[in-house]
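The following exercises are to be worked through with the sequence and the model side by side. Try each task before reading its solution.

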Amino acid sequence: MTTHFDDLETRSADERRAAQETAFLQQVTRAMSAQNSCLVADGPVSSLDDITKLPVLRKSQLVAWQKENPPFGGMAISNMAHVFQSPGPIYEPGGVSHDWWRMGRFLHACGIGKGDIVQNCFGYHLTPAGMIFESGARAVGAAVLPAGTGQTELQAQAAHDIGITAYAGTPDYLKLILEKADEMGLPLKITRAAVGGGALFPSLRAWYADRGITCRQCYATADLGNIAYESEAEEGMILDEGVIVEIVTPGTGDPVPEGEVGEVVVTTLNPDYPLIRFATGDLSAMMPGQSPCGRTNARIKGWMGRADQTTKIKGMFVRPEQVAALVAKHAEIDRARVVASRDGEMDVMTVRIETAAQDSAAFEPSIVETLKLKGRVELVPPGALPRDGLVIEDARSYD
């Protein structure tokens, strides 16, 4: 097996950017030319640098678009072979062309290929996860047992009878299969695991390693397919070659500096389904440098929490978009953070504002206007707020 899936993984930064820019501009043209397109740019889009002129698309907007113009909200869809339904509901198209969801790259990085039989324990019912991983297995030449979820005893028996060598599914379900096989006295041949859909905790990875199983994780969604994946270096998650990833301040489309935590926003370069600046609702951060494995694309730190920090304070919801609107109203505000706390049995909202200004009262009218609540105002010097991706912090105890 070669070290890398293809030559795209070892491109220079200039080669990658040039290819991404061409594909990005084609994707924008494709999306804007759709008959019922809702995509509107804030000015001309002629280079990759103009990506921030395009709006961030959130799942709630996509649901609304799809209700108005079913099933895909006016998106330009081509080469569709399947239609899937995810919670929301959100409808996603699926294709059957080679590695349509780009999962083969991840399975290859897991060491899965020809001669392997993959027990695919992702769901096949309505949602696309099962098909996503099956498509990836096909791309690397592996056979698949379409096991789906549940029926652990049957799963263990099949793994033994067939001689399954690799697993695909959520991080914790493989442990149940292995323990059930032990209970039934069935030796298994699984040595590799490709997992997603949940956090792979270090203790669980170590548990698998003790049984001779190499377990690596990817970061993927039903809408976008594979976004990032672990390699043999197991240092962060390498961005997939078929997406453009931005890390932005939650509630905005404004990129954060490298290393700071923010919301993951993804543009897919799949011409069959032009999702542009799609907000995943997940937090992560870009890592400096390149992976020791030789793949040259940028890396993220993996899943670091949820960006949707909507919090109810005094019976009112406060959303990240409102905090962003407050910052936008005042040029002298660098950042803002809403903190929900308690004083006795009463909710308290404190708005911490990072600014060189000295008059906290000057911000009170805007706070009431944008957040719809009165609160305490605390001014802090530039650079004082944590760069952890939080714009709304719930400091109340629920014990």
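**Exercise 1.** What percentage of the 399 residues of the chain count as buried?

*Solution.* The model at hand is a predicted one. Taking under 20% relative accessible area as the cut-off for a buried residue, one finds that 52% of the 399 residues of the chain fall into this class. As for the surface, the chain exposes about 17,900 Å², of which carbon and sulfur atoms supply 52%.

**Exercise 2.** Assess the overall dimensions of the chain against the expectation for a compact globule.

*Solution.* Begin with the expectation: for 399 residues, a compact globule would have a radius of gyration near 21 Å, and the 23 Å found for the chain agrees with this. Next, consider the extent along the principal axes, where the C-alpha atoms fill a box of roughly 70 × 55 × 45 Å. Finally, turn to the contacts with a sequence separation of 6 or more, 62% of which join residues 24 or more positions apart.

**Exercise 3.** Describe the setting of Thr 311, and decide whether this residue is buried or exposed.

*Solution.* First, locate Thr 311 in strand β15, which covers residues 311-313, in a chain with 9 helices and 20 strands. Second, because its relative accessible area is 8%, and the limit for burial is under 20%, Thr 311 is buried. Third, follow its side chain, which reaches the backbone oxygen of Gln 309 at 2.7 Å. Last, leaving aside residues up to four places away in sequence, list its contacts, among them Phe 317, Ala 340, Ile 392 and Arg 396.

Methods: Residues numbered from 1 in each chain as written. Predicted model: local features only at pLDDT ≥ 70, side-chain atom pairs only at ≥ 80, totals over all residues. Heavy atoms only, no water. Helix = DSSP H or I, 4+ residues; strand = E, 2+ residues; numbered from the N terminus. Rg over C-alpha atoms; globule rule 2.2 N^0.38 Å. Buried < 20%, exposed > 50% of the residue type's maximum accessible area, 1.4 Å probe, protein only. Contact = heavy atoms within 4.5 Å. Areas by Shrake-Rupley, 256 points an atom, 1.4 Å probe, with all protein chains shown as cover. Polar contact = N/O pair within 3.5 Å; in protein donor to acceptor, adjacent residues only side chain to side chain.
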